[in-house]
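Work through the exercises below with the sequence and the structure at hand. Try each task before reading its solution.

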Amino acid sequence: MPGQFVSIHIARADKIVRRNFSIANPPNGNAELELACAYVLNGLATTLLSNLKLGEAVDISGPYGLLVLKEEKPKRYVFVSTGTGITPYRSMLPELARRLDSRPELEVVVLFGARSLEELLYVDEFLAFAKDRPRFRYVAALSRECPPDLHFAAKGYVQHQFQSLNLKPGEDLVYLCGNPNMIDESFNALLELGFDRKDIRREKYISAP
């Protein structure tokens, strides 16, 4: 289902280590998976994936995860992410298109945090999706370098953009995916705004050697 992840199993001398990656592409019927991997110096997954040769096999299991679109009817979806945490939302785009077409009252916001414009993943795809859908909004929160003439960007961290979104507990359904510090800070901020825990969904990405 869009929003789920797979685990890559990496053999070490004494055990099998798992690294989790959200699936970046929508289900396509042919078992093809696209993954986005953040580079970690000497990281197990980085080393394995960067040294793969065409045709080599990798052990994976899954899919897993509950960061999926259920049969609910919020007035607005708010998808918050940093880094490769944007990938599950990319996989949801076809289903979001269907829901936007069938529910004229629905709105969707994707809020993606990065340090600079160069770190934005899939930005052209999200902007193209938003171009034909006025109720879909893409906002890039850039913490270090934010060009002043960029219509889809704002200066600062993603969790600092909540005020500008006019979030409404009981109407908005918020998804959080990416850096665990961002998720913890965002989760606590949403609780302070009056959100119920059931209206906040989380998936933490932890980089490990």
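**Exercise 1. Find how β5 (107-114) and β6 (136-142) are paired, and how well β6 is covered.**

Solution. Step 1: β5 and β6 run parallel and are joined by seven bridges. Two strands count as paired if DSSP finds at least two bridges between them. Strands (E, at least two residues) and helices (H or I, at least four) are DSSP runs, numbered from the N terminus.

Step 2: take one pair as an example. Val-110 has Tyr-138 of β6 as its bridge partner.

Step 3: check the cover. Six of the seven residues of β6 are buried. Buried means under 20% relative accessible area, exposed means over 50%, and partly exposed lies in between (1.4 Å probe, protein chains only).

A note on the source: this is a predicted model, in which local features need pLDDT of at least 70 and side-chain atom pairs count only at pLDDT 80 or more, while totals for chains, interfaces and linings use all residues. Residues are numbered from 1 along each chain as its sequence is written, and side-chain values use heavy atoms, with hydrogens and water left out.

**Exercise 2. Compare this with the pairing of β1 and β2.**

Solution. Step 1: β1 (residues 5-11) and β2 (residues 16-22) pair in the antiparallel sense, over seven bridges.

Step 2: look at the link between them. A hairpin of four residues joins β1 to β2.

Step 3: pick out a bridge. The partner of Ser-7 is Asn-20 in β2.

**Exercise 3. Which residues touch the most other members of the largest nonpolar core?**

Solution. Step 1: apply the definition. A nonpolar core is a set of buried Ala, Val, Leu, Ile, Met, Phe, Trp, Tyr and Cys residues joined through side-chain atoms within 4.5 Å.

Step 2: the largest core has 31 residues, and Phe-79, Phe-136 and Tyr-138 touch the most other members. At least two residues each come from β4, α3, β5, α4, β6 and β8.

Step 3: follow Phe-136. Beyond its neighbours within four places in sequence, Phe-136 is in contact (heavy atoms within 4.5 Å) with residues including Leu-93, Leu-100, Phe-126 and Phe-129.

Step 4: look for another core. A second, separate core of 19 residues includes Val-109, Ala-141, Ala-154 and Met-182.

In soluble globular proteins, nonpolar side chains tend to be buried together.

**Exercise 4. Where do the buried residues of α3 (93-102) lie around its axis?**

Solution. Step 1: list them. Leu-93, Leu-96, Ala-97, Arg-99 and Leu-100 are the buried residues of α3.

Step 2: find the arc, taken from the directions from the helix axis to the C-beta atoms. The buried residues cover an arc of only 170°, so they are on the same side of α3.

Step 3: name the partners. These residues pack against β4, α2 (87-91), β5, α4 and β6.

**Exercise 5. Describe helix α6 from its start to just after its end.**

Solution. Step 1: α6 (residues 180-192) has 13 residues and spans 18 Å from first C-alpha to last, close to the 18 Å expected. The expected span is 1.5 Å times one less than the number of residues.

Step 2: at the start of α6, a side-chain oxygen of Asn-179 comes to within 2.7 Å of the backbone nitrogen of Asn-181.

Step 3: sort the residues. Pro-180, Met-182, Ile-183, Ser-186, Phe-187 and Leu-190 are buried. The buried residues line one face of α6 because they fall within an arc of 150°. On the other side, Asn-181 and Glu-192 are exposed.

Step 4: the buried residues pack against β4 (76-82), α5 (162-165), β8 (172-178) and β9 (200-204).

Step 5: just after α6, Gly-194 has a positive phi of about 105°.

**Exercise 6. Is Ser-81 buried or exposed, and what does Ser-81 touch?**

Solution. Step 1: Ser-81 is in strand β4. Its relative accessible area is 0%, so Ser-81 is buried.

Step 2: not counting residues up to four places away in sequence, Ser-81 touches several residues, among them Ile-86, Phe-112, Cys-177 and Met-182.

Step 3: Met-182 also touches Gln-159, a residue of the loop between β7 (153-155) and α5.

Key: Polar contact = N/O pair within 3.5 Å; in protein donor to acceptor, adjacent residues only side chain to side chain.
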